[in-house]
Amino acid sequence: MAQQAETFKKLVSHCKEYGFIYQSSEIYDSLAAVYDYGPYGVLLKNNIKEYWWKSMVQMHENIVGIDAAIFMHPTTWKASGHVDAFNDPLIDNKDSKRRYRVDHLIEEHCEKIEAKIQKEVEKAKKKFGDAFDEAQFRATNPRVLERQAEIDKVMYRLARVMEAGDLNGMKAMIDELDIKDPETGSANWTEPRQFNLMFSTQLGNIAGEEGKLYLRPETAQGIFVNFLNVQKTTRQKIPFGIAQIGKAFRNEIVARQFIFRMREFEQMEMQFFVQPGKEMEWYEYWKAKRLKWHLALGHPATKLRFHDHDNLAHYANAAADIEFEFPFGFKELEGIHSRTDFDLTEHQKYSGKKMQYFDPELNENYVPYVVETSIGCDRMFLATMSHALVDEIVPDAEGKDSERTVLKLHPALAPIKCAVLPLLKNKEELTSKARTIFDNLKFAFNTQYDDKDAIGRRYRRQDAIGTPYCVTVDFETLEDNTVTIRERDSLVQERIPIDKIEQIVRERVEMKNLLQ
Ligand code: GAP
């Protein structure tokens with residue numbers, strides 16, 4: 001636990017120190033749960049978005065993209081159910097004056113039991129050594145089974161009270177499980193209340209309810225209301241999808257854990273419209289496809305898992321999360337939801353406009369069913385950074401052990417693809433040659449020129465921002481027009497001709513490597 005907290009702290013400070021993420025409005029003591037992306041952060045984030053967009057839109061003939069406005073007609077949110085049901089249950093501690101989400105407190109109670117199970121597993125692993133079979137131990141050890149049954153019982157009950165919005169049931173769970181304020185240990189709780197997560201604002205000079213607008217809490221509704229526009233103008237046949245990347249806003253009650261839970265964030269969502277009855281087939285298809293997308297980045301399979309929802313949102317008949325092992329444990333990274341025909345039917349009802357598709361193969365009209373894939377861009381950023389940031393011991397120029405911090409990002413996601421470094425700063429022949437190389441390469445990809453400090457320190461700076469290739473211009477370059485190219489992870493250095501740099505780097509950093 002302490003180790004995990006330390007790793008997370010290090011990640012947060014690395015993000016700030018190297019220009020990836022800053023707190024919003026820091027000079028005014030910051031705005032809670034709102035963040036700004038710095039010079040390297042914006043490049044990494046754009047690369048994540050490009051990877052998603054290309055793999056969803058460019059690689060699928062039957063998926064097209066849109067960019068809908070953040071503001072939508074307020075009836076949109078009545079129809080979608082967000083005005084009435086997009087709530088989180090909150091509870092206040094009367095002594096500490098701290099506010100919590102009831103479901104989070106109960107989930108944390110279960111995580112503590114899970115930690116006890118993990119302790120038993122570690123103990124047995126030590127005792128039995130190589131002969132230890134973890135799966136069998138978990139399936140047969142009476143103490144583990146008892147604790148697991150306790151977790152299952154609590155989670156099942158939580159899902160039921162959440163689904164029913166049963167505030168008394170939630171309070172009963174808090175009391176019966178003897179849940180205390182995690183910060184102070186006090187059990188002096190208020191009654192739980194529902195809290196709507198949508199931010200609202202006013203349209204023009206129209207006062208009161210009439211002019212009330214919401215900042216969209218999900219990008220999906222911009223897709224639903226445009227379903228017929230897109231279908232007609234692109235002549236897509238079902239099954240087909242509409243994809244979108246854009247900002248979403250949620251007035252989260254508790255927003256800790258850095259960019260994991262923000263009040264302003266970005267989503268990458270795709271709604272896939274299918275024939276009714278075929279949705280489960282497509283649901284399984286998209287689950288598998290999206291998991292592959294994550295694995296292609298080199299994230300180990302052990303860091304990713306599916307979690308089927310016990311507690312279904314008001315619109316879904318099946319839902320699963322792809323969870324990632326963040327420094328603070330396995331948490332939701334992406335959702336895959338079978339949303340039925342709920343949204344289109346509701347918009348049909350509220351707008352009075354038909355949201356139907358004429359299926360030429362079946363010769364009939366129907367409201368399509370929808371399978372959605374929805375991932376937070378910022379959460380993906382956090383997952384990517386937390387997997388990539390590594391401290392390791394490597395040999396230095398004299399072959400001695402030296403510690404380095406390196407960001408082992410997939411080269412296609414790296415903010416800077418190549419750094420050009422003259423061996424010495426005060427040798428004009430070297431710096432002008434390096435500048436010429438840099439001036440050519442910058443047309444092809446993000447390149448950096450750096451001549452400050454000793455070469456070893458410059459390598460470390462590039463390692464810390466994840467630059468996959470460093471090109472060094474030395475005295476040999478002046479004689480034969482070759483440079484050394486150093487690969488970030490293996491530290492292997494090759495001598496290559498200057499006129500081959502662009503091709504070699506391009507082949508190794510292009511997005512195509514990920515998409516294939
Ligand atoms: N349209 C469906 C939808 O919005 P969701 O599970 O509420 O579903 C989808 O959100 C994804 O958006 C999540 O898996 C997560 O990656 C991201 N997300 C949701 N709330 C977020 C927040 N407050 N901060 C950052 N990312 C968030």
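1. Start with Lys153: its relative accessible area is 65%, so it counts as exposed (over 50%; buried means under 20%, and partly exposed lies in between, with a 1.4 Å probe and protein chains only). Lys153 sits in helix H7, residues 142-164. Helices here are DSSP runs of H or I with at least four residues, strands are E runs of at least two, and both are numbered from the N terminus. From the C-alpha of Lys153 to that of Ala434, 281 residues apart along the chain, the separation is 65 Å.

2. A word on what you're looking at. This is a predicted model, in which local features need pLDDT of at least 70 and side-chain atom pairs count only at pLDDT 80 or more, while totals for chains, interfaces and linings use all residues. Residues are numbered from 1 along each chain as its sequence is written, and side-chain values use heavy atoms, with hydrogens and water left out.

3. Now the overall build. The chain has 18 helices and 23 strands. Its radius of gyration is 26 Å, which agrees with the value near 24 Å for a compact globule of 516 residues; the radius is taken over C-alpha atoms, and the globule rule is 2.2 Å times the number of residues to the power 0.38. Along the principal axes, the C-alpha trace spans about 80 × 65 × 55 Å.

4. Inside and outside: 49% of the 516 residues count as buried. The exposed surface of the chain comes to about 25400 Å², with carbon and sulfur atoms supplying 50% of it (Shrake-Rupley method, 1.4 Å probe; for residues, only the protein chains shown count as cover). Among contacts between residues at least 6 apart in sequence, 66% join residues at least 24 apart, where contact means heavy atoms within 4.5 Å.

5. On charge, the chain carries 72 positive and 82 negative charges, and their mean positions are 1 Å apart. Lys and Arg count as positive and Asp and Glu as negative, with His and the chain ends not counted; each charge is placed at NZ of Lys, CZ of Arg, CG of Asp or CD of Glu.

6. The largest nonpolar core has 59 residues, and Phe20, Ile21, Trp52, Ile259, Phe381 and Leu382 have the most contacts inside it. A core here is a set of buried Ala, Val, Leu, Ile, Met, Phe, Trp, Tyr and Cys residues joined through side-chain atoms within 4.5 Å. Apart from that core lies another, of 23 residues, including Tyr100, Phe137, Leu158 and Val161. In soluble globular proteins, nonpolar side chains tend to be buried together.

7. Have a look at Leu382. Setting aside residues up to four places away in sequence, Leu382 touches Phe8, Leu11, Gln257, Phe258, Ile259, Phe260, Phe326 and Phe328. Phe258 deserves its own glance: its phi is near 60°, a positive value in a residue other than glycine. Phe258 lies in the loop between S9 and strand S10 (264-274), and at 9% relative accessibility it counts as buried.

8. Asn363 also has a positive phi, about 55°, although it is not a glycine. Its loop runs between strand S14 (357-359) and strand S15 (364-366). Asn363 counts as exposed because its relative accessibility is 59%.

9. There's a cis peptide bond to check too, joining Ile238 and Pro239 with omega about 10°. Pro239 is in the loop between helix H10 (227-234) and strand S9 (240-249). Most residues other than glycine have a negative phi, and most peptide bonds are trans.

10. His294 is in helix H11, residues 279-295, and counts as buried because its relative accessibility is 0%. Beyond residues up to four places away in sequence, His294 touches His299, Leu304, Ile322, Leu333, Glu334, Ile375 and Met380.

11. For a link across the sequence, try Met59, in the loop between helix H2 (39-58) and strand S3 (63-65). Its C-alpha is 9.8 Å from that of Gln516, 457 residues apart along the chain. Not counting residues up to four places away in sequence, Met59 touches Lys54 and Leu515. With 47% relative accessibility, Met59 counts as partly exposed.

12. Last, Gly81 lies in the loop between helix H3 (75-79) and helix H4 (82-85). Gly81 counts as buried at 12% relative accessibility. Leaving aside neighbours within four places in sequence, Gly81 is in contact with Phe86 and His314. The C-alpha atoms of Gly81 and Asp103, 22 residues apart along the chain, are separated by 20 Å.
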